[in-house]
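This report describes one protein model in terms of its confidence, its sheet and its cores. The sequence and structure are shown first.

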Amino acid sequence: MAMDIDESGGESLLQGPSDEEYPVLERQPPCYNPLNTFTLAKGDQKHYRQQYGDMYFLRLAKIKPIVEALADEEWKAFEIAGESVRRVDRVLDVRQGELCWVAGTVYMDMPLKPNILDDISKDHWISAPPPREKYLSPTGQDQIMLEDESGRLRLIGTPLQDTMLVTGCIIAAMGTENANGDFEVVDLKVPDLPPQPQRWERDDASATISNDTGSNERKSDSEVSRPEGGKIAIVSGLGISGDQGDTLTLDLLMEYLLGEACSPSVQSFVSRISRLIIAGNSISEGTPLATREDEKKASKKYGYDSSAYNPAPTARLDDFLAALLPSIPITLLPGESDPANVSLPQQPIHPAMFPRSRNYSAQPGSEEPGWFDSVTNPWEGDVDGWRMLANGGQPIDDVFKYVEGDERLDMMEHLLRWRCGAPTAPDTLWCYPFQDKDPFVIEECPHVFIVGNQPRYDTMVIEGPAGQTVRLICVPKFKETGEIVLLDTDTLEPEIVKIHVYN
């Protein structure tokens with residue numbers, strides 16, 4: 001379903017005054033329960049001295065038992081020419097000519113991938129080449145490896161051509177080793193979707209009643225008041241640059257969400273929007289960094305150089321948010337072009353960037369989220385009981401470089417079935433070097449998976465082996481398409497609202 005909103009606002013706004021009394025419309029705020037899955041430690045507890053290799057071992061230790069259980073159930077009775085398949089614990093335990101299966105981490109050996117060692121060996125004063133659209137080699141030099149703590153094994157075979165694989169995903173491969181030392185794959189298994197929590201599970205778990213005896217009793221459905229289902233507005237890629245060209249489209253979006261540029265019927269529809277989620281890239285791309293020579297010429301003893309820093313984009317974003325917040329709560333994810341740390345998980349944009357909007361944030365030390373919730377990227381939380389997982393698009397954009405085609409929904413589905421929200425981190429996607437736990441491992445299946453800043457809007461529903469259902473949503477860049485997504489919290493059916501500006 002699509003709805004177009006143009007700058008004329010509809011014929012009803014051009015009517016003369018009347019004595020008709022209109023009902024007062026109020027928004028029903030959703031039940032909002034965010035998770036702190038991707039929040040990093042602060043101060044001295046956060047450092048980058050550790051090695052990234054530990055992340056792969058953490059990921060392998062977490063997911064390998066899951067994929068091994070699935071592979072053992074599927075292949076325990078498998079035979080080829082009377083030979084039964086057997087399991088081996090390590091990739092270096094594979095023996096030539098024996099039918100076996102082994103689990104490990106995929107590594108894509110691709111010559112066109114960026115290599116930090118090559119960059120260091122070159123003259124670092126030379127400007128970096130533009131990023132590649134694809135890492136795929138046109139001459140077929142790419143190789144697929146399976147590795148674990150013992151070593152690495154090259155994979156070949158027809159099943160690899162029909163399966164999407166990237167560096168960092170955990171799989172089980174069945175086949176035999178040939179005379180060249182390559183593992184000829186017969187079949188593959190991935191972890192598939194993780195267990196999915198029931199709707200309202202976290203909210204009901206915290207809503208307990210303590211009786212006089214000290215025991216806890218779960219409230220019944222009749223005792224728990226559920227908010228009336230509304231709609232969640234999702235937008236990404238606002239791309240605010242502070243120029244005059246941003247003003248009209250942003251004002252139209254703001255007036256639509258506030259119900260100021262609509263007819264009474266549309267105002268009634270808009271009043272059901274209970275939360276706005278901004279999925280990254282609210283600020284436009286910055287200008288290139290100045291060279292050392294330019295910095296010496298433009299150096300200042302006091303203050304900042306106004307030619308190098310432009311406060312207009314963040315000020316315009318702050319004004320935009322401050323105008324909406326009295327009416328609608330907002331969840332703000334940082335993106336690749338936003339003023340936040342570049343490596344994943346990106347931490348919330350600092351409240352100093354929002355001198356007006358931060359008044360609606362939670363108080364320091366409060367466990368309850370504020371009306372304005374500046375969160376991490378990726379972000380995970382419950383909205384109206386539904387588990388949602390969202391990111392600003394960087395993991396999907398990086399997976400896109402490994403594979404053929406541009407089916408973003410297919411990539412999103414594979415991320416969930418691999419149980420890893422950013423499999424290519426830290427190989428080609430910058431991330432924090434975790435030592436104790438890999439937060440990108442998806443332990444609970446979301447009901448809604450949102451990816452922002454994609455080339456176009458798209459959506460579909462996928463299903464898992466245990467009855468899991470996930471709504472996938474590709475959110476386009478608002479600055480390029482003028483589109484926002486409205487998600488119904490009763491049915492999880494999305495629809496598009498497109499804002500036109502006619503010259």
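## Confidence of the model

Over residues 7-11 the pLDDT stays under 50, and the model has 8 contacts beyond four places in sequence for this stretch. Residues 208-216 are likewise under 50 in pLDDT, with 10 contacts beyond four places in sequence. Where pLDDT is low, the predicted coordinates should not be read in detail.

The model is a predicted one. Its mean pLDDT is 87, and 85% of the residues reach 70 or more.

## The open sheet

An open sheet is formed by 6 strands in the order 2-17-18-19-21-20, with mixed pairing. Strand 2 and strand 20 (458-463) stand at the edges; each has a single partner strand, so one side of each is left without a neighbour in the sheet. From one strand to the next, the twist averages 20°.

At one edge, strand 2 (residues 32-34) pairs with strand 17 in the antiparallel sense over 3 bridges. Within this pairing, Gly-381 of strand 17 is the bridge partner of Pro-34. Strand 20 is joined to strand 21 (residues 469-476) by 6 bridges, and these two strands run antiparallel. Here the bridge partner of Thr-459 in strand 21 is Ile-473.

## Strand 17 and its hairpin

Strand 17 is also joined to strand 18 (residues 386-391), through 5 bridges in an antiparallel arrangement. Gly-381 has Met-388 as its bridge partner in strand 18. The hairpin of strand 17 and strand 18 has 2 residues between the strands, and Asp-384 takes a positive phi near 55° in this hairpin.

In a regular strand the side chains alternate between the two faces of the sheet. In strand 17, one side carries Trp-379, Gly-381 and Val-383 and the other carries Glu-380 and Asp-382; all are buried, and both faces are thus covered. Put as a count, 5 of the 5 residues of strand 17 are buried.

## The surroundings of Asp-382

Asp-382 is found in strand 17 (residues 379-383). Is this residue buried or exposed? Asp-382 has a relative accessible area of 2%; because the cut-off for a buried residue is under 20%, Asp-382 counts as buried.

The side chains of Asp-382 and Arg-387 are joined by a polar contact of 2.5 Å. Leaving aside residues up to four places away in sequence, Asp-382 touches Cys-31, Tyr-32, Asn-33, Pro-34, Arg-202, Asp-203 and Arg-387.

## Nonpolar cores and helix 9

In soluble globular proteins, nonpolar side chains tend to be buried together. The largest nonpolar core in this model has 56 residues, of which Phe-440 and Phe-449 touch the most other members. Helix 9 (residues 408-418) gives the most to this core, with 6 residues. Apart from this core lies another, of 34 residues, including Val-266, Phe-320, Phe-478 and Leu-486.

Helix 9 lies across strand 19 (448-454), strand 20 and strand 21, and runs at about 135° to strand 21. Which residues does Phe-449 touch, not counting residues up to four places away in sequence? They are Leu-389, Asn-391, Met-412, Leu-415, Leu-416, Val-470, Arg-471, Leu-472 and Ile-473. One of these, Ile-473, is also the strand 21 bridge partner of Thr-459.

Definitions and conventions. Residues numbered from 1 in each chain as written. Predicted model: local features only at pLDDT ≥ 70, side-chain atom pairs only at ≥ 80, totals over all residues. Heavy atoms only, no water. Core = buried A, V, L, I, M, F, W, Y, C linked by side-chain atoms within 4.5 Å. Buried < 20%, exposed > 50% of the residue type's maximum accessible area, 1.4 Å probe, protein only. Helix = DSSP H or I, 4+ residues; strand = E, 2+ residues; numbered from the N terminus. Contact = heavy atoms within 4.5 Å. Polar contact = N/O pair within 3.5 Å; in protein donor to acceptor, adjacent residues only side chain to side chain. Pairing = 2+ DSSP bridges. Axes fitted to C-alpha atoms, helices over the stretch in contact; angles between N-to-C directions. pLDDT = per-residue confidence, 0-100.
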